[in-house]
Amino acid sequence: MQPNLIEHIKKYVELNDEQTQLVLDNIKPITLKKKSYLLEEGQICSSLYFVEKGCLRFFFINDKGTEQITQFAIENWWIADYMSFDTQSPAQFYIQAIENTEVYAFDYHNQEKLFSQLPQLERYFRLVLHRAYSAAQLRMKYLYDFTKEESYQHFITRFPEFVQRIPQYMLASYLNLTPEYLSEIRKNAL
């Protein structure tokens, strides 16, 4: 059985058996236990990570010492500190497993070689990154346009699969709310 990653790539571009094997030869499976880190601030993000199974959070620690979650990733999503990856400079973010997680790592040093061998893979990443960037732009708009209550309602409507998988304090951090205020919003929504 092929990993979800291969099926995901094939939704965007064509790969024959030989090309599929080339991709498989250039990715590394990583298994993470709940609460373990895939990346910590100050490390170099040496790979792009595809979530095969599980759930991750992407966050930084602000100047008050509070964790601020900016992204979650579940099955069939990519996650990385893209600035660190692209520049091979120290990461400013953390990536941590919320539950036991399996990812495939697409290594920085193999990227150009693989892109030259499989130009359609470069197209795949371009399409995926365009979608991710578009989603990030919409999220920024929602941060300015939505009330706190609307942000919560939008999230649970748009991403119901997260509601049961992530602790409420993490959802509060992602929505830039206190856990107490999120509890109040949830109570009023019932």
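**Close-up 1. The crossing of helix 4 and helix 5 in the predicted model.** The axes of helix 4 (residues 108-117) and helix 5 (residues 119-145) come within 4 Å and cross at roughly 115°, where axes are lines fitted to C-alpha atoms, for helices over the stretch in contact, and angles run from 0 to 180 degrees between N-to-C directions. Helix 4 contributes Leu114, Phe115, Ser116 and Gln117 to the contact, and helix 5 contributes Pro119, Leu121, Glu122 and Phe125; contact means heavy atoms within 4.5 Å. By class, this contact of helix 4 with helix 5 has five nonpolar, two polar and one charged residues (Ala, Val, Leu, Ile, Met, Phe, Trp, Tyr, Cys and Pro count as nonpolar, Asp, Glu, Lys and Arg as charged, and the others, Gly among them, as polar). Helices (H or I, at least four residues) and strands (E, at least two) are DSSP runs, numbered from the N terminus. The model is predicted, and local features need pLDDT of at least 70, side-chain atom pairs count only at pLDDT 80 or more, while totals for chains, interfaces and linings use all residues. Residues are numbered from 1 along each chain as its sequence is written, and side-chain values use heavy atoms, with hydrogens and water left out.

**Close-up 2. The surroundings of leucine 121 in helix 5.** Leucine 121 is buried, with a relative accessible area of 1% (buried means under 20% relative accessible area, exposed over 50%, partly exposed in between, with a 1.4 Å probe and protein chains only). Not counting residues up to four places away in sequence, leucine 121 touches Ile9, Val23, Phe106, Leu114 and Phe115. Leucine 121 and valine 23 are 98 residues apart in sequence, yet 8.9 Å apart in space, C-alpha to C-alpha.

**Close-up 3. The open sheet of four strands.** The strands follow the order 2-7-4-5 with antiparallel pairing, two strands being paired if DSSP finds at least two bridges between them. Strand 2 (37-39) and strand 5 are the edge strands, each pairing on one side only, and neighbouring strands of this sheet are turned by 30° against each other on average, direction ignored. Strand 2 and strand 7 (residues 94-97) are joined by two bridges, and the bridge partner of leucine 39 in strand 7 is isoleucine 95. Between strand 4 (residues 55-61) and strand 5 (residues 67-74) there are seven bridges, and leucine 56 stands opposite alanine 73 in strand 5. The hairpin of strand 4 and strand 5 has five residues between the strands, and glycine 65 takes a positive phi near 85° there.

**Close-up 4. Serine 84 in helix 3 (residues 82-87).** Serine 84 is buried, with a relative accessible area of 1%. Its contacts, leaving aside neighbours within four places in sequence, are Gln43, Ile44, Cys45, Ser89, Pro90 and Ala91.

**Close-up 5. The interface of domain 1 (4-145) and domain 2 (146-189).** The domain bounds come from an automatic or database domain assignment, and the C-alpha centres of the two domains lie 24 Å apart. In this interface, 19 residues of domain 1 are in contact with 16 residues of domain 2. The area buried between the domains is about 1,500 Å², of which carbon and sulfur atoms give 60%; buried area is the accessible area (1.4 Å probe) that two parts lose on being put together, summed over both. In domain 1, Phe72, Ile74 and Tyr142 lose the most area to domain 2, together 36% of what that side buries.
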